[in-house]
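These are my notebook entries on one chain. I went through its helices and then a handful of single residues.

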Amino acid sequence: MMINLLLFAAGLGVYAGYGISMVYLLAVTLAGYLAGRLIPRHHSVMWISVVLQVLVLLLLRVRNWLPWPPVVAPIGISYFTLQIIAYHVDLYRGKYEPEKNLLTFGLFVTYLPHLFMGPIEPYAGMRAALEERKISGDSFLKGAVRSLWGLFKKLVIAARTGVIVSAISGEPERFQGAFALAAMLLYAVQLYADFSGGMDIVLGVSRMLGIRMSENFDAPYLAQSVREFWRRWHITLGDWLREYVYIPLGGSRRGKRRRFLNTMVTFLVSGIWHGGKYLLWGLLHGFFVFLGEKFRIGSKTLNRIGTFLVVSFLWSFFIWPDTATVLRMAGSVFTVFNYDVLLAGIGGMGLSGGDWIVLGAACLLLWMYDWKSRALKARFCAFPTAARVGVIGLLALTVLTFGRYGIGFTASEFIYSGF
């Protein structure tokens with residue numbers, strides 16, 4: 001109980017630094033708890049709760065399209081809102097009894113490691129993780145190496161790729177064609193290293209505290225289709241969309257046309273969840289997911305390359321500020337062939353020759369880890385304690401030596417903490 005109280009206080013303490021957002025977090029936590037207690041006896045409370053939370057989230061997502069004064073969305077609202085909605089819907093379905101302990105429910109919402117970027121943890125899973133928490137030397141070492149691996153991805157890979165992407169995206173009129181393609185490919189690496197690195201830190205810190213949380217990535221760039229990609233990327237969001245949007249709409253049970261509609265609506269919701277300007281991004285992903293495996297060929301390598309290219313092109317919606325610019329830059333890849341200019345100029349866009357060598361080696365290491373992650377984890381677990389400590393020390397030294405610290409290292413600077 002004392003550890004839970006400290007974790008709850010830590011979450012509130014850090015969140016308090018974001019000002020008025022603290023008031024909303026406390027209000028929605030208390031309202032979510034009280035509504036949960038009422039739902040088994042008054043089912044209409046579930047509908048009221050879900051509609052209100054969806055309405056708030058929707059208004060915040062399209063606020064830039066409305067003639068209102070600027071409104072700052074509470075950081076992490078997309079994550080804890082989905083968790084509370086899932087909790088209320090599951091109570092409505094009778095999956096479990098309402099949580100009677102306000103502290104336990106409050107920690108489910110405000111648990112610091114996942115407050116800013118997920119994973120979107122189901123209530124039953126979070127409650128079990130808290131109840132079964134067991135801190136040990138083994139869990140501490142596993143959590144430490146995972147956290148350092150996340151820092152490696154964030155500070156060594158994402159920080160370097162971000163320099164080039166920012167330089168290119170900052171001048172769309174100047175950097176088109178080959179530069180646009182380079183930005184898309186590098187941003188795919190940046191986003192993955194940034195987001196999955198953040199998840200590694202969340203899961204690693206949690207493991208050090210004896211808490212096991214849901215995995216959110218499974219080597220997504222090894223996917224051979226966009227459908228498979230979404231089974232490997234942001235897994236907890238995909239699970240939430242399937243459980244609370246796709247299946248309630250009818251899933252795949254009502255024919256091909258209905259499956260197409262349900263898929264498109266589900267990914268439209270995904271686009272809205274990311275923000276108002278990502279509607280087309282969501283619909284395009286839905287289209288490729290519906291197509292499934294239709295474009296797969298006999299070569300796994302070519303399938304993976306093709307999927308990576310499609311996903312990278314779609315990430316362009318995250319790089320440039322509006323849909324018109326995105327479409328113009330994507331189109332320039334096929335109309336402006338300035339690869340000689342790219343090769344001559346990319347060396348002067350913020351990274352030194354040493355940076356490029358470090359980035360190339362780090363990306364190769366990341367790819368090798370994703371390819372053999374299960375075997376590497378098993379081997380690490382088989383190491384004696386002294387060898388594990390050595391691995392942790394080596395990772396820490398690598399991050400300290402090769403990490404880029406040009407900007408402050410805060411949760412708000414992880415890309416997906418902004419959604």
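**Entry 1. Helix α4.** I started just past the end of α4, where Gly94 has a positive phi of about 80 degrees. The model is predicted, and I read every value below with that in mind. I then looked up α4 itself, which covers residues 77–92 and has 16 residues. From its first C-alpha to its last I get 22 Å, close to the 22 Å expected at 1.5 Å a residue. For burial, I noted that 15 of the 16 residues of α4 are buried, leaving the helix mostly covered.

**Entry 2. Helix α8.** I ran the length check on α8, residues 137–169. Its 33 residues should span 48 Å at 1.5 Å a residue, and I find the end C-alpha atoms 45 Å apart, which agrees. Where does α8 bend? I placed the bend at Ala158, with a value of about 35 degrees. Because 25 of the 33 residues of α8 are buried, I put the helix down as largely enclosed by the rest of the structure.

**Entry 3. α2 against α5.** I took the pair formed by α2 (residues 21–38) and α5 (residues 102–110). Their axes are 10 Å apart, and the packing angle is about 130 degrees. That angle makes α2 oblique to α5, because it falls outside the range of 65 to 115 degrees for roughly perpendicular and is not over 145, where roughly antiparallel begins. I logged the crossing of α2 and α5 as right-handed. Which residues meet at this crossing? On the α2 side I listed Leu25, Thr29, Gly32 and Tyr33. On the α5 side I listed Leu102, Phe105, Gly106, Val109 and Thr110. The spacing within the α2 list prompted a reminder to myself. An α-helix has 3.6 residues a turn, so residues three or four places apart point the same way.

**Entry 4. His114.** I found His114 in α6, a helix of residues 112–115. Its relative accessible area is 2%, so I count His114 as buried, the limit being under 20%. Leaving aside neighbours within four places in sequence, the contacts of His114 are Gln83, Phe108, Val109, Pro119, Glu121, Met126, Val202 and Met213. Two of these names recur in my notes: Val109 belongs to the α5 side of the crossing with α2, and Pro119 comes up in the next entry.

**Entry 5. Pro119 and Met199.** I located Pro119 in the loop between α6 and α7 (123–131). The peptide bond from Gly118 to Pro119 is cis, and I note omega near 5 degrees. I then moved to Met199 in α9. Is Met199 buried or exposed? At a relative accessible area of 1%, Met199 is buried. How far apart are Met199 and Pro119 in space? They are 80 residues apart in sequence, and I get 7.3 Å from C-alpha to C-alpha. Setting aside neighbours within four places in sequence, Met199 is in contact with Met117, Gly118, Pro119, Asn216 and Phe217. Both residues of the cis peptide bond, Gly118 and Pro119, are therefore in that contact list.

**Entry 6. Asp194.** I stayed in α9, residues 178–208, for Asp194. Asp194 counts as buried at 2% relative accessibility. Its contacts, again without neighbours within four places in sequence, are Lys154, Ala158, Glu413, Phe414, Ile415 and Tyr416. I marked Ala158, since that residue is where α8 bends.

**Entry 7. Positive phi outside glycine.** I looked up Ala219, which lies in the loop between α9 and α10 (226–232). Ala219 is not a glycine, yet its phi is positive at about 45 degrees. I count Ala219 as buried at 9% relative accessibility. I then looked up His234, in the loop between α10 and α11 (235–249). His234 also has a positive phi, near 45 degrees, in a residue other than glycine. Its relative accessibility is 0%, so I count His234 as buried.

**Entry 8. Cys381.** I closed with Cys381, in α19 (residues 373–382). Cys381 is partly exposed, with a relative accessible area of 36%. What does Cys381 touch? Not counting residues up to four places away in sequence, I find Lys142 and Arg388. I also looked up its separation from Ala193, 188 residues away along the chain, and the two C-alpha atoms are separated by 24 Å.

Terms used. Residues are numbered from 1 along each chain as its sequence is written. This is a predicted model: local features need pLDDT of at least 70, side-chain atom pairs count only at pLDDT 80 or more; totals for chains, interfaces and linings use all residues. Side-chain values use heavy atoms; hydrogens and water are left out. Helices (H or I, at least four residues) and strands (E, at least two) are DSSP runs, numbered from the N terminus. The expected span of a helix is 1.5 Å times one less than its number of residues. The bend at a residue is the angle between axes fitted to the seven residues ending there and the seven starting there. Buried means under 20% relative accessible area, exposed over 50%, partly exposed in between (1.4 Å probe, protein chains only). Axes are lines fitted to C-alpha atoms, for helices over the stretch in contact, and angles run from 0 to 180 degrees between N-to-C directions. Angles under 35 degrees count as roughly parallel, over 145 as roughly antiparallel, 65 to 115 as roughly perpendicular and the rest as oblique. A crossing is left-handed if the near helix is turned anticlockwise from the far one by less than a right angle, and right-handed if clockwise. Contact means heavy atoms within 4.5 Å.
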